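Please examine the sequence and the three-dimensional structure shown below. The explanation that follows begins at the ligand and then moves outward through the protein.

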Amino acid sequence: MKALFLEMPESRLVIREVSVPEPGPGEVLIKIAAAPINPSDLARLKDAPAEYDLTTFIPGLEGSGTVIAAGKGILPRLWLGKRVACSSSISTSGSWAEYMVTSAGSCFPLNKKVTDEQGCMSLVNPLTALSFFEIIKQNRHKALINNAAGSALGRMVELLGKKNNIPVINLVRNQKSVESLKSQGSQYVLNSSDPSFITDLGILSKDLQATVLFDSVCSRQLQEMIEVLPHNSSVIIYGNLTGEKEICVNPRNLIANNINIAGFYLANKAKENGLFKNMLNIMKVSHLMSTDLTIKIQGRFSLDKAQEAIDTYLNNMSAGKVIFVPGSYF
Ligand SMILES: NC(=O)c1ccc[n+]([C@@H]2O[C@H](COP(=O)([O-])OP(=O)(O)OC[C@H]3O[C@@H](n4cnc5c(N)ncnc54)[C@H](OP(=O)(O)O)[C@@H]3O)[C@@H](O)[C@H]2O)c1
């Protein structure tokens, strides 16, 4: 099969022919139909030279396709022949390949109304957006603030905000994104590059009682942002798009305003949830994707155009997802 690998020393992606992997007990073999490029994939590519053997590491954390072989076990046999959304469970078999072996527990069948292309993005971001609203309900937040809101996840948070009657303050970093989000119906959008941004955030978050900030950026502005949040707010860090190694906070502000700072990682949340809750959430996502949720795609690439795909994505991440379609030759 054809699969992508990281080339040393330049760390560019290259395509190589390798044997199709065989599913072991509890695993399935999927013929990959589509696989997106997510920020977590790019972060993993950066860390890969230190963490994995690059001769066997195949990137790609999620995808969709058809289960064409099953290892021993009830679940693998149940999925055989089905169209599934799937995530990679081992570093030697990722979704940026024609075939992927993964644990059957990392797959779920796709609703007939969901295409392979949309289905390949139905695990990581939709489940994260749902988890945010669980946090909001548990803690009785009346409104929320989300950063890097022009992202695919940002659009899902906005959609769920509307469905749950929870106002969303969307933070983006340029005027183009402000206009784009407003034209899509977002009521509250602030541009972090505006000179009045911090003041505006303070006023709006207090007006709406937005007591939770979901931040995937970790910029140097974060400290100032935290300082204007309402009393008793929570800050939940779920991404690190700037790549900053440290964030600064003013301890006096945390103490005086009773501010909590926590991290969020979907894989940890899924472990906490247990099988039943995860299945329930997956069913909710499946329903959402077959009704209201369509994720914008800006480009489709065959595996041999990997570098072009990454460059297209990095050039304008808010323009929509870039996906690999391994069986195609564009
Ligand atoms: N913790 C978890 O379990 C979890 C799960 C899912 C997603 N996430 C995180 O959620 C975030 C969004 O993911 P996605 O797949 O929805 O992204 P996406 O659709 O690929 O879009 C990425 C977004 O990030 C913005 N961005 C990139 N670099 C930025 C920077 N330095 N400062 C401000 N904005 C920046 C882009 O805006 P521009 O157009 O302005 O570049 C774009 O809107 C990522 O950080 C991802 O890692 C975390």
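Which helices each supply at least two residues of the shell around the ligand? They are helix 4, which spans 124–138, and helix 5, which spans 152–163. Of these, helix 4 deserves attention, for it gives three residues, the largest share of the shell. The reader should bear in mind throughout that this is a predicted model.

The shell can next be described by its members. There are 25 residues around the ligand, and those that come nearest are Arg173, Leu266, Tyr313, Ser318 and Lys321. By character, the shell divides into 13 nonpolar residues, ten polar residues and two charged residues. The position of the ligand can also be stated in terms of domains. Domain 1 consists of 2–122 together with 296–324, and domain 2 covers 124–266; both give residues to the shell, so the ligand lies between them.

Individual contacts make this picture more concrete. Where does the side chain of Ser318 stand in relation to the ligand? An N or O atom in that side chain is 2.6 Å from an oxygen atom of the ligand. The backbone takes part as well: a backbone N or O atom of Tyr238 lies 2.8 Å from a nitrogen atom of the ligand. At Ser151, a polar backbone atom is 3.3 Å from an oxygen atom of the ligand. As for the surface of the ligand, its accessible area on its own is 930 Å², and the protein covers 88% of this.

Tyr238 leads from the ligand to another feature, the aromatic residues. The structure holds five aromatic pairs. One of them joins Phe132 and Tyr238 in an edge-to-face arrangement, with 4.9 Å from centre to centre and 70 degrees between the planes. Why does this pair tie together parts that are 106 residues apart in sequence? The reason is that Phe132 belongs to helix 4, whereas Tyr238 belongs to the loop between strand 12 (234–237) and helix 9 (251–257). Phe132 has a relative accessible area of 0% and is therefore buried. Tyr238 has a relative accessible area of 17%, and because buried means under 20%, Tyr238 is buried too.

Phe132 also pairs with Phe264, again edge-to-face, at 5.5 Å centre to centre and with 75 degrees between the planes. Phe264 lies in the loop between strand 13 (260–263) and helix 10 (266–290), while Phe132 is in helix 4, so this pair ties together parts that are 132 residues apart in sequence. Phe264 is buried, with a relative accessible area of 12%. Phe132, Tyr238 and Phe264 are joined by Phe214 in one aromatic cluster.

The backbone itself also merits inspection. Ala148 is not a glycine, yet its phi is positive, at about 50 degrees. This residue sits in the loop between strand 8 (143–146) and helix 5, and helix 5 has already appeared as a contributor to the shell around the ligand. Cys218, likewise a residue other than glycine, has a positive phi near 60 degrees. Its place is in the loop between strand 11 (210–215) and helix 8 (222–227). Is Cys218 buried or exposed? With 6% relative accessibility, Cys218 counts as buried.

Finally, some positions allow separation along the chain to be set beside separation in space. Gly299, in strand 14 (residues 297–301), is buried with a relative accessible area of 7%. Ten residues in sequence separate Gly299 from Ala309, and their C-alpha atoms are 7.6 Å apart. Gly60 occupies the loop between helix 1 (39–51) and strand 4 (62–70), and its relative accessible area of 0% makes this glycine buried. Between the C-alpha atoms of Gly60 and Met100 the separation is 9.7 Å, although the two residues are 40 residues apart along the chain. Ser192 is placed in the loop between strand 10 (188–191) and helix 7 (197–208); at 16% relative accessibility, Ser192 counts as buried. From Ser192 to Asp215 there are 23 residues in sequence and 13 Å in space, C-alpha to C-alpha.

Notes. Residues are numbered from 1 along each chain as its sequence is written. This is a predicted model: local features need pLDDT of at least 70, side-chain atom pairs count only at pLDDT 80 or more; totals for chains, interfaces and linings use all residues. Side-chain values use heavy atoms; hydrogens and water are left out. A residue is near a molecule or strand if one of its heavy atoms lies within 4 Å of it. A polar contact is a pair of N or O atoms within 3.5 Å; within protein, one must be able to donate a hydrogen and the other to accept it, and residues adjacent in sequence count only if both atoms are side-chain atoms. Accessible areas come from the Shrake-Rupley method with a 1.4 Å probe; for residues, only the protein chains shown count as cover. Helices (H or I, at least four residues) and strands (E, at least two) are DSSP runs, numbered from the N terminus. Ala, Val, Leu, Ile, Met, Phe, Trp, Tyr, Cys and Pro count as nonpolar, Asp, Glu, Lys and Arg as charged, and the others, Gly among them, as polar. Domain bounds come from an automatic or database domain assignment. Rings of Phe, Tyr and Trp (its six-membered ring) pair if their centres lie within 6.5 Å; planes under 30 degrees apart count as stacked, over 60 as edge-to-face and the rest as tilted. Buried means under 20% relative accessible area, exposed over 50%, partly exposed in between (1.4 Å probe, protein chains only).
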